[in-house]
Amino acid sequence: MLAVLRRNPVALLLAILLHVALAVFLIYEVAWRDEVKPIGADVDVVQARLVDQRKLDAEVEQREAAERARIEEAAAARRAEQDEREAVEKRRAEEKRKLVEIEQQRKQREQEEARKQAEEKKRAEAEKKRLVELERKQAEQKKKQEAEKKRLAELEKKRKLEEQKREQEAVRKMAKEKAEREAEEKAEKERQERIAKEKAEAERKRKAAEDRARAQREAELAAQFAAEQDASEQARVLGLIQSKVQRNWLRPPGTEGLKCTVRVRLGPSGSVLLANVVESSGNIAFDRSVEAAVRKADPLPMPRSQRLAALFRDLIFEFVPGN
Amino acid sequence: MKKLLTLILLFVVALQTKAAPLTIEITQGLEGALPIAVVPFAWRGDQGAPPPHEVGGIVAADLGRSGRFKPLPTQDMLSKPSRGDQVDFRDWRALNVDNLVIGEISPNGPGGYLVKFHLYDVFRGEQLTGYSIPTTARDLRATAHHIADIVYETLTGQPGAFATRIAYVTSIRGGTGKDRTEQVELRIADADGYGAQSIVSSKEPIMSPAWSPDGRKIAYVSFENAQPSIWVQEVFTGKREKLTSFKGINGAPAWSPDGRSLALTLSKDGNPDIFVMDVARRSLRPITRHRAIDTEPAWSPDGRSLVFTSDRGGAPQIYQVSVNGGEPSRVTFEGPYNARASFSPDGRLLGMVTRVDGNYRIATLDPTTRDLRVLSTGRLDESPSFAPNGSMIIYATQASGKGVLAAVSTDGRVQQRLRLQEGDVREPVWSPYLKNERNR
């Protein structure tokens, strides 16, 4: 009901206004009737009309009578003399009848007046009764109004209460809604955050996977590169070693065609730890020259890479002088 | 594909790690003498006479003369240790010296010395050998040569030939015009030319000295009494005897490796031919019989054949013939003149005189490959003789109009004059190893 009202405040207002209007009508209807009822008090339109009509009728009658008289006079004027006596008689009769009539009228009027006075009295009593009744009614009305007012107040109070309640409800609801909204927002935020987090996580994972893949690819490339590098590095270092040993090889004269093999063990930095002839040429000087060449070349060049360097820790030198 | 290649490469590398060590082939080396430092030997005596010779210097000179070593000049040495505890190998490595000899001499009784020396491998940082050799002032040079021999043998694997001797003929002219005199001497000196002693002296020519294989005797041709004859003389005693004195030429004696026989040239039958004489029995056995001149026989080390010079082909060339005779085969084909052949101690080479562009030069021939290598650069080089270790050839050459001795390493890399030569020197011959002097 309240909700309906609340939903239709205009209707409510209109209803209230209607009620108020009705109340005002209830209250002031009597007054209007009051104003209508007393005849002598104020200008009674109805009575005035009645009087006037009569007057007017009389006047019209008079005037018509006058007119007729004048016409008759005019006509009588020519017959006047003829009729004068008749007329005078007649007028006398007439006047007599008229007097009777007037008397009658006066009587009637007095009767009417009495009746009117009785009626008036009756009406006054009725009026009084009515007034009492009105008063009672007014009181009743008042009471009713008060009740209405009270009711209205009650209603208002109730309305206000309801309003308040509604407001509270609204506030509560709003609070609730706010809380809900906030919760929702929070949830949404959390959801968003979770999504962001998940997204970030996914991104991170993707990136990690990508990184891993790239690292693997790079590692592969590096390994490949290292292998290629190793091969070329190995060749390079072997070349360096060969060159250095050759530079340090003082070959005894007349040793073409001899061959001597030396096994060499190197320290991590290429220092010659051991140089042993494993396959002698049979020529001591040649063998010695070969061993000396290796020792003189100490330290031998080593690859930069540790892994590759390991390969170079154990070397075989074949000394085969070319002619 | 690349990945596969990588894997294969890695695998190969891995395999190499497991399978075999890396092998590096060295083909190019500087052919040359071995740097060595011989520090002057320190004298450790505060009493008695200091040694008359600087032993370290003799050792260094010997080693240098061989052509196999390049001694570091004394002034270049950063330190001069004489004892093992004074050696800092870094000094010597810095000088890129392969080997180091240090030594000291201390008094050892009256007139005696004790020579101590050490040979080090500088790059190995260890001693290779070391000896204490008692000696005397007189034998000090011999001791030094002996040390040089030990060093040489230790480092090359071949015996050194420094403590050996050379015999040569020198002719000393005196006076002028009609008073002109000529003193011819057969001399023996250390291999470095020092310590020459005359063992035969004559006013007539002396030719073709030849060492017996034991180094105790020398056979030679002497024209004393105006008649060439072959004599054999004991080196240390001077005791000698005439071996042959046939009519005509008695020349070019050569000891067989076993020392029992002498190959020689005789023209007793009218034409010079090669004979072999049993020294003990004095019996002769003809080896060649040809109307051309056959001379200058030399034994192969195995004693089974002889090489000699013959002009049977029109010009002097080298031929080889069995000791049992038979048809000689020609050995030399290159050049218009090849003569005076002798075998290297290992029998692989022939040393000889060859004519190159009108000059007579010392050369070696590898009979198997016929590879002729001219070693000397003189105009009139003659009488090549191998050192007993085959590392050098001594020969006579002309300088300032007279004959001097020169030596060349067998590879031709080192040539040098021998000093302390008096007069016109010819016909040097290198002694065999002198066992009695090797007092190791």
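**Exercise 1. Locate N96(B) and decide whether N96(B) is buried, partly exposed or exposed.**

Solution. Begin with the chain: N96(B) is found in the loop between α3 (89-94) and β6 (99-107) of chain B, where helices (H or I, at least four residues) and strands (E, at least two) are DSSP runs, numbered from the N terminus. The model is a predicted one, in which local features need pLDDT of at least 70, side-chain atom pairs count only at pLDDT 80 or more, and totals for chains, interfaces and linings use all residues. Residues are numbered from 1 along each chain as its sequence is written, while chains are lettered from A and ligands numbered from 1 in the order in which they are written.

Next, apply the burial rule: a residue is buried if 20 or more other C-beta atoms lie within 10 Å of its own, exposed if 12 or fewer, and partly exposed in between, with C-beta atoms placed from the backbone. N96(B) is partly exposed because 13 other C-beta atoms lie within 10 Å.

Finally, look for partners, taking two residues to be in contact if their C-beta atoms, placed from the backbone, lie within 7 Å. Leaving aside neighbours within four places in sequence, N96(B) is in contact with K296(A) and P35(B). N96(B) and P35(B) are 61 residues apart in sequence, yet 7.3 Å apart in space, C-alpha to C-alpha.

**Exercise 2. Work out how many residues of helix α2 of chain B are buried, and which residues touch the most other members of the largest nonpolar core.**

Solution. Helix α2(B), residues 55-65, is mostly covered, since 9 of its 11 residues are buried; among them are V55(B), I58(B), V59(B) and L63(B), together with the charged D62(B) and R65(B). The helix is followed by G67(B), whose phi is positive, near 85°.

Now turn to the core, defined as a set of buried Ala, Val, Leu, Ile, Met, Phe, Trp, Tyr and Cys residues joined through C-beta atoms within 7 Å. The largest nonpolar core has 143 residues, of which V59(B), V101(B), V151(B), Y220(B) and L306(B) touch the most other members. Helix α4 (residues 140-156) of chain B gives the largest share of this core, 9 residues. For V101(B), the residues touched, not counting those up to four places away in sequence, include V59(B), V151(B), F117(B) and L119(B).

**Exercise 3. Describe the contact of chain B with chain A, and find the bridge partner of F317(A) in β1(B).**

Solution. The contact takes 31 residues from chain B and 39 residues from chain A. On the side of chain B that touches chain A, the largest share, 8 residues, comes from α1(B). By class, that side of chain B has 11 nonpolar, 11 polar and 9 charged residues, where Ala, Val, Leu, Ile, Met, Phe, Trp, Tyr, Cys and Pro count as nonpolar, Asp, Glu, Lys and Arg as charged, and the others, Gly among them, as polar. Strand β4 (residues 314-319) of chain A is joined to β1(B) by 5 bridges, and the two run parallel; the partner of F317(A) in β1(B) is I24(B).

**Exercise 4. State the strand order of the open sheet in chain B that has 4 strands, and name its edge strands.**

Solution. The order is β12-β13-β14-β15 (chain B), with antiparallel pairing, where two strands pair if DSSP finds at least two bridges between them. The edge strands, each pairing on one side only, are β12 (206-211) and β15 (240-244) of chain B. Between β14 (residues 229-234) and β15(B) there are 4 bridges, and Q233(B) has R240(B) as its bridge partner in β15(B).
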